[in-house]
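Q: Please take a close look at the interior of this model, beginning with a residue at the surface and then working inwards. I should like the description to be connected, so that each part leads on to the next.

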Amino acid sequence: MPRRVTGIVMNGVTGRMGYRQHLVRSILAIREQGGLPLGDGEVLWPEPILVGRSAYKLKELADRHGLEHWTTSLDEALAHPLAEIYFDAQVTTAREAALRTAIAAGKHVYTEKPTAESLDSALELARLATAAGVCNGAVQDKLFLPGLLKLKRLVDGGFFGRILSVRGEFGYWVFEGDWQDAQRPSWNYRAEDGGGMVLDMFPHWRYVLDSVIAPVRSVYAHTATHIPRRVDERGRPYPATADDAAYGIFELAGGITAQINSSWAVRVDRDELVEFQVDGTEGSAVAGLRNCRFQHRAATPKPVWNPDLPATEPFRDQWQQVPDNGGFDNGFKVQWELFLRHVATGSEYRWDLLEGAKGVQLAELGLRSAREGRRLDVPDLTLPPRAASEATASTR
Ligand SMILES: NC(=O)c1ccc[n+]([C@@H]2O[C@H](COP(=O)([O-])OP(=O)(O)OC[C@H]3O[C@@H](n4cnc5c(N)ncnc54)[C@H](O)[C@@H]3O)[C@@H](O)[C@H]2O)c1
């Protein structure tokens, strides 16, 4: 089969997400399966061009995986003759500048969330990419997880009747870094370095609620920094300046109430690290990352409140599993394949930078809501108008 090689400049591949999910489990996995069939007999072959700050780490990584191209210069990477796409999984604070450079260089761009630190910046990136005519995408990996795909199947099949409410529980204990190493990078706990639960997780909750349940119309958030002092990767104590927990209430279109607790200071008493319970007039479901259990109204028990007696029914046993009915690939890889096809063939792709900006919008409003102690509306987003100079340039 004829092979079409496309160079992907990958920035942030020495980090947790960039390495494991994007390089190894997505791009290298696509190569291991022989490339990405484009449907016309041609196969797309992604060629990573690694870029980052540490020559030593990049060389080690390239050698480990038999990759040819790496550099510590973003300009050099973007100028590589194979480079067509720029991908960003850097720390959030470094993202905007790199995306702007890549768009200005005419590259298609794909990025981790949050797409920027502020809504204005996120919208400006979406506008710049649109004006430059480049394909653009933001990672929305949770949509491609088996548990949420099964939940979406139930929603699309009309299982719930009228959806009433959603309650989400996300979180686990992130060690403080003193007597056991922290399992997340320390910048996550410093607001000045782009950390914080709201900025990290509200972008996810935005696309999950919008896409699986109904569009988000308002937000009320209460945030906390439960653990005020942590110890970093080098063993140095530091003040945790960012929120490590967020308790959010979201109103969705159709009068649905969603309530999501997100915390890095909670111990897990759940089947999965995130779970969403959806209650509807006809039935309920609880979706995690992999599984989704449901209970139809016909199988709903009738508990009666009586604290004098032990629980009368085994409530946890009264749910059924939604069957797989097919195979599920890694969610990050599935979205990469959709984006690569979009770039190569112009196929439809709706998880673009404007969709990414909606996540930043919810995070920004969530933080403001917490500061001001009030509920805030979430207005519809549109791209800002083009600058006058651009408009003049395009009519010449
Ligand atoms: N989609 C998801 O589920 C998901 C999960 C976790 C993180 N993320 C996002 O991915 C991005 C990376 O998160 P991570 O957990 O992999 O972080 P990480 O700290 O493990 O990796 C950060 C990467 O950025 C690079 N970098 C560039 N400039 C830097 C600087 N000034 N300081 C420190 N590092 C710098 C590092 O070298 C490293 O390659 C973040 O934007 C985060 O929001 C997404």
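A: In this predicted model, Asn325 counts as exposed because its relative accessible area is 65%, and the cut-off for that class is over 50%. Asn325 sits in the loop that runs between strand S17 (320-321) and helix H8 (331-345). Its backbone deserves a remark: phi of Asn325 is near 50°, a positive value in a residue other than glycine. Most residues other than glycine have a negative phi.

From this surface position the description turns to the second largest pocket, which holds about 180 Å³ of space. Its lining consists of Arg167, Gly168, Glu169, Arg270, Glu275, Gln277, Val286, Arg293, Arg316 and Trp319. Two elements, strand S8 (163-171) and strand S14 (274-280), each give two or more residues to this lining. S8 supplies the largest share, three residues. By class, six lining residues of this pocket are charged, two are polar and two are nonpolar.

The two strands that contribute to the pocket lining are also partners. S8 and S14 run antiparallel and are joined by seven bridges; within this pairing, Glu169 stands opposite Glu275 of S14. S8 also pairs with strand S13 (residues 256-263), again through seven bridges, but here the strands run parallel. The bridge partner of Glu169 in S13 is Asn261. Glu169 therefore has a named partner in S14 and another in S13, where pairing of two strands requires at least two bridges between them. In a regular strand the side chains alternate between the two faces of the sheet.

S14 leads on to the enclosed spaces. Across the whole structure, three cavities of 30 Å³ or more are found. The second largest cavity contains about 40 Å³ of space, and Leu148, Leu151, Val166, Val208, Leu209, Ile213, Phe276 and Val278 line it. Helix H6 (146-156), H7 and S14 each give two or more residues to this lining. The largest share, three residues, comes from H7. The lining of this cavity has eight nonpolar residues and neither polar nor charged ones, whereas the lining of the second largest pocket includes six charged residues.

H6 can be followed further from here. Its buried residues are Pro146, Gly147, Leu148, Lys150, Leu151 and Leu154, and they pack against H7, S14, strand S15 (283-287) and strand S16 (292-296). An α-helix has 3.6 residues a turn, so residues three or four places apart point the same way. After H6 comes Gly158, with a positive phi near 75°.

H7 in turn connects the second largest cavity with the largest one. The largest cavity has about 50 Å³ of space and is lined by Lys113, Thr115, Ala138, Val139, Gln140, Pro203, Tyr207, Glu355, Gly356 and Gly359. Helix H7 (197-213) and helix H9 (353-372) each give two or more residues to this lining, and H9 gives the largest share, three residues. Its class make-up is four nonpolar, four polar and two charged residues. One of the lining residues, Lys113, is joined to Pro114 by a cis peptide bond with omega about -15°. Pro114 lies in the loop between strand S6 (108-111) and helix H5 (119-132). Most peptide bonds are trans.

The nonpolar packing completes the picture. The largest nonpolar core has 79 residues, and Phe202, Ile213 and Phe250 are those with the most contacts inside it. H7 supplies the largest share of this core, eleven residues. Setting aside neighbours within four places in sequence, Phe202 is in contact with Met197, Val219, Ala221, Ala246, Gly248, Phe250, Gly359, Leu362, Ala363 and Gly366. Two of these names recur elsewhere: Phe250 among the core residues with the most contacts, and Gly359 in the lining of the largest cavity. Ile213 likewise appears both in the core and in the lining of the second largest cavity. A second, separate core of 26 residues includes Ala83, Ala116, Ala129 and Val360. In soluble globular proteins, nonpolar side chains tend to be buried together.

Key
Residues numbered from 1 in each chain as written. Predicted model: local features only at pLDDT ≥ 70, side-chain atom pairs only at ≥ 80, totals over all residues. Heavy atoms only, no water. 1 Å grid on protein atoms, 1.4 Å probe; cavity = no way out; pocket = protein on both sides within 12 Å on 5 of 7 lines; lining within 4 Å. Points joined across faces, edges and corners; volume = space filled by probe spheres on them. Helix = DSSP H or I, 4+ residues; strand = E, 2+ residues; numbered from the N terminus. Nonpolar A, V, L, I, M, F, W, Y, C, P; charged D, E, K, R; others polar. Core = buried A, V, L, I, M, F, W, Y, C linked by side-chain atoms within 4.5 Å. Buried < 20%, exposed > 50% of the residue type's maximum accessible area, 1.4 Å probe, protein only. Contact = heavy atoms within 4.5 Å.
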